[in-house]
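Please read the following report with the sequence and the model side by side, and look up each residue as it comes up.

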Amino acid sequence: MREIVIGAAQMGPIQRADTREEVVARMIALLDQAHMAGCTLVVFPELCLTTFFPRWYFEDQAEVDTWFEPEMPNAETQPLFERACEHGIAISIGYGELTPDGHHFNTQILTDTQANIIGKYRKIHLPGHDEFDSQRSFQHLEKRYFEPGDLGFPVFRNMDAWMGMLICNDRRWPEAYREMGLQGVELVVLGYNTPSGNSQNAGETAEMRGFHSDLSVQAGAYQNSAWVVAVAKAGNEDGHPLNGGSVIVSPDGVIMQKAQTDGDELLVQACDMDATKFGKASVFDFKRHRRIEHYKRIASQTGVVYPDGTKG
């Protein structure tokens, strides 16, 4: 048995006026709680140091840059890394990354149990739009503020397991899980900030959005025989509600733990990495069952092309 006790550290709302120091104090409180529960890995949400700033339209790039981190750890986050090292807990956190050469990414990192960063992922499937849209009930400007990730879907050896990361909208795309599945991933950790409403479809309920989130995560876990830990930022941020519903899902696609609140909440699950082996050796034994000669369209085409040649 290769057991990792994992904490999914859901966070309640972060208001636009909240400081990073205030947010980090909340994260440390969750980390301390996880230590008391015996966790050796804690996963935090997407953009967990700030409010979900892509809902706001900014024209001044200098103002945009205030939401990003030029380095990690930095002065504000160093206490979190120090506490994680003190407890011997690996962490995964999401934040806006500003690179030394001026690129902007929606990023997640993974540390070992000594708080050394051993893995980085940059969000690839950016939702939303890039200019102010008066037809939307609220803005979702990830395409304005972030560039698509340039690191692919890497998998890292950590804590005697193969681990990968996704961020928010990535969880809806089966190709993302399969890229890591083909590298033998045993644990996928991901953070998300999902609005409770659809800015382009007022009839879509929060319950349906939660269903789609769970469906995507459970399918990705089952179809790649991997644990998936999906961690939300939840609650009402400056009048904009987020969906919550953090989950820990088994390699059989079963939800083992699910958040019950829209606030700071820790889910704990002992996850046996060896539980991934059966699925990888049977139903999803890729080397025996995949037929890549029939999958060429997946990697060569983006939009729909109908059988008669017309484009959708």
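How many of the residues of strand β9 (residues 227-232) are buried? The model is a predicted one, and in it 6 of the 6 residues of β9 are buried, so that this strand counts as mostly covered, given that buried means under 20% relative accessible area. Two sets of side chains can be told apart here, since Trp227, Val229 and Val231 point one way from β9, while Val228, Ala230 and Ala232 point the other way, and all are buried.

The neighbours of β9 come next. Strand β8 (residues 187-192) pairs with β9 in the parallel sense over 6 bridges, and within β9 it is Val231 that has Gly191 standing opposite. Strand β12 (residues 247-249) runs antiparallel to β9 and is joined to it by 3 bridges, with Val249 in β12 as the bridge partner of Val228. Together with helix α6, the strands β8 and β9 make a right-handed β-α-β unit.

Helix α6 (residues 206-224) is also where Phe211 has its place. Is Phe211 buried, partly exposed or exposed? Its relative accessibility is 46%, and therefore Phe211 counts as partly exposed. Along with Met208 and Leu215, Phe211 makes a nonpolar surface patch of about 280 Å².

A second strand to follow is β3 (residues 90-98), which is likewise mostly covered, with 9 of its 9 residues buried. On the one hand, β3 pairs with β2 in the parallel sense over 3 bridges, and here Val42 stands opposite Ile91 in β3. On the other hand, β3 pairs with strand β4 (residues 104-111) in the antiparallel sense over 7 bridges, where Glu97 stands opposite Phe105 in β4. The strands β3 and β4 form a hairpin with 5 residues between them, and Gly102 in the turn has a positive phi of about 90°.

The loop between α1 (20-36) and β2 holds Gly38, which counts as partly exposed because its relative accessibility is 38%. The C-alpha atoms of Gly38 and Gly7 are separated by 9.0 Å, although the two residues are 31 residues apart along the chain.

The aromatic rings deserve a separate look. A pair of aromatic rings is described by the distance of the centres and the angle of the planes. The model has 10 aromatic pairs, and two of them are set out in the table.

| Aromatic pair | Centre to centre | Angle between planes | Arrangement |
|---|---|---|---|
| Phe53 and Trp67 | 5.7 Å | 15° | stacked |
| Phe58 and Tyr145 | 6.0 Å | 45° | tilted |

Phe53 lies in the loop between β2 (41-43) and α2 (61-65), and Trp67 lies in the loop between α2 and α3 (78-87), so this pair ties together parts that are 14 residues apart in sequence. Phe53 counts as buried because its relative accessibility is 0%, and Trp67 counts as buried at 11%.

The pair of Phe58 and Tyr145 links distant parts of the chain, for Phe58 is in the loop between β2 and α2, Tyr145 is in helix α4 (residues 142-145), and 87 residues lie from one to the other in sequence. Phe58 has a relative accessibility of 5% and therefore counts as buried, and Tyr145 is buried with a relative accessible area of 4%. Ring pairs link Phe53, Phe58, Trp67, Phe68, Tyr145 and Phe146 into a cluster.

Key. Residues numbered from 1 in each chain as written. Predicted model: local features only at pLDDT ≥ 70, side-chain atom pairs only at ≥ 80, totals over all residues. Heavy atoms only, no water. Patch = residues over 30% accessible without salt bridge, like charges linked within 9 Å, V, L, I, M, F, W, Y side chains within 5 Å. Areas by Shrake-Rupley, 256 points an atom, 1.4 Å probe, with all protein chains shown as cover. Salt bridge = Lys/Arg side-chain N within 4 Å of Asp/Glu carboxyl O. Helix = DSSP H or I, 4+ residues; strand = E, 2+ residues; numbered from the N terminus. Buried < 20%, exposed > 50% of the residue type's maximum accessible area, 1.4 Å probe, protein only. Pairing = 2+ DSSP bridges. Right-handed = clockwise from strand over helix to strand, strands pointing away. Phe/Tyr/Trp six-rings, centres within 6.5 Å; stacked < 30°, edge-to-face > 60°.
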